[in-house]
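Dear colleague,

Please find below the structure that I am handing over to you. My notes on what was found in it follow directly after.

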Amino acid sequence: MLPLRILFAVIFLLLAGFIKGAESNPEQAARAALDGFLIDWNRSDLVAIQEHLSFPHVTHGPGRLVIAQEEGQFEQNFAALTAQGWQRSSFDNFEVLQVSENKVNFLVDFTRCRSDGETLSTGQDFYVVSKQ
């Protein structure tokens, strides 16, 4: 079966901060913040995930925008992902679209993987990572 190609526009998925000590390289710091986000995503840890986000947080859901005004309102149904066969996600390619001292915009190709390593789906996310 061919992998399902998914396009998600994650608007203002702003991670709560750049890694300390990396302020001189905003791209490197933003990338490290995204890596931390992905670790918590793969653990299905909603509490930890929200520590990476800025609020209000806007993302794209099935057929609609999803807006979490404050921490605790962000939701992700990891049980539904698991029921589809999902075990983990990976970031496969990063395209830097814009860099400033306090913000980096990325277009990221991702893969959702099954427990046997097979691809469940692929897609793209747009991440805006800001220094908070």
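**Overall make-up**

Of the 132 residues of the protein chain, 40% count as buried. Please keep in mind that this is a predicted model. The chain has three helices and six strands, and along the sequence these follow the pattern β-α-α-β-β-α-β-β-β. Among contacts between residues at least 6 apart in sequence, 58% join residues at least 24 apart. The protein chain exposes about 7,500 Å², and carbon and sulfur atoms supply 51% of that area.

**Helix α1 and the core**

Helix α1 covers residues 26-42, which is 17 residues. From its first C-alpha to its last, α1 reaches 24 Å, close to the 24 Å expected at 1.5 Å a residue.

Which residues of α1 are buried? They are Pro26, Ala29, Ala30, Ala33, Leu34, Gly36, Phe37, Leu38, Asp40 and Trp41. As general background, an α-helix has 3.6 residues a turn, so residues three or four places apart point the same way. The buried residues of α1 pack against α2 (46-52), α3 (78-83), β4 (86-99), β5 and β6.

Ala30, found in helix α1, has a relative accessible area of 0% and is therefore buried, the cut-off being under 20%. The C-alpha atom of Ala30 is separated by 6.5 Å from that of Val104, although these two residues are 74 residues apart along the chain.

The largest nonpolar core has 22 residues, and those with the most contacts inside it are Trp41, Phe91, Phe106 and Tyr127. Elements α1, α3, β4, β5 and β6 each give two or more residues to this core. The largest share, six residues, comes from α1.

**Aromatic residues**

The structure holds seven aromatic pairs. In one of them, the rings of Phe78 and Trp86 have their centres 5.7 Å apart and their planes at 35 degrees, so the pair is tilted. Phe78 is buried, with a relative accessible area of 8%, and Trp86 is likewise buried, at 4%.

How are the rings of Phe91 and Phe94 arranged, edge-to-face or stacked? Their centres are 5.6 Å apart and their planes stand at 80 degrees, so the pair is edge-to-face. Both Phe91 and Phe94 are buried. Phe94 has a further partner in Arg31, whose charged end sits over the ring of Phe94, 3.5 Å from its centre.

These four aromatic residues belong to one aromatic cluster, formed by Phe37, Trp41, Phe78, Trp86, Phe91, Phe94, Phe106 and Tyr127. Phe37 and Trp41 were already listed above among the buried residues of α1.

**A polar residue in strand β5**

Asn105 has its place in strand β5, which spans residues 103-114. Is Asn105 buried or exposed? Its relative accessible area is 7%, which means that Asn105 is buried. Leaving aside residues up to four places away in sequence, Asn105 touches Glu95, Val96, Leu97, Gln98, Phe126, Tyr127 and Val128. One of these, Tyr127, is also among the residues with the most contacts inside the largest nonpolar core.

**Loops and backbone details**

Three places in the loops may be of interest to you.

- Ser44 is in the loop between α1 and α2. Phi of Ser44 is near 60 degrees, a positive value in a residue other than glycine. Ser44 is partly exposed, with a relative accessible area of 31%.
- Pro56 is found in the loop between α2 and β2 (57-61). The peptide bond that leads from Phe55 to Pro56 is cis, with omega near 5 degrees.
- Gly117 lies in the loop between β5 and β6 (119-130). The relative accessible area of Gly117 is 43%, so this residue is partly exposed. The C-alpha atoms of Gly117 and Gln87 are separated by 8.7 Å, while the two residues are 30 residues apart along the chain.

**Points to look at on opening the model**

A suitable starting place is α1, the element that gives the largest share of the core. From there, the aromatic cluster can be followed from Phe37 and Trp41 to its other members, including Phe106 and Tyr127. The cis peptide bond from Phe55 to Pro56 and the positive phi of Ser44 can then be viewed in their loops.

With kind regards

How values were computed: Residues numbered from 1 in each chain as written. Predicted model: local features only at pLDDT ≥ 70, side-chain atom pairs only at ≥ 80, totals over all residues. Heavy atoms only, no water. Helix = DSSP H or I, 4+ residues; strand = E, 2+ residues; numbered from the N terminus. Buried < 20%, exposed > 50% of the residue type's maximum accessible area, 1.4 Å probe, protein only. Contact = heavy atoms within 4.5 Å. Phe/Tyr/Trp six-rings, centres within 6.5 Å; stacked < 30°, edge-to-face > 60°. Lys NZ or Arg CZ within 6 Å of the ring centre and 35° of its normal. Expected span 1.5 Å × (residues − 1). Core = buried A, V, L, I, M, F, W, Y, C linked by side-chain atoms within 4.5 Å. Areas by Shrake-Rupley, 256 points an atom, 1.4 Å probe, with all protein chains shown as cover.
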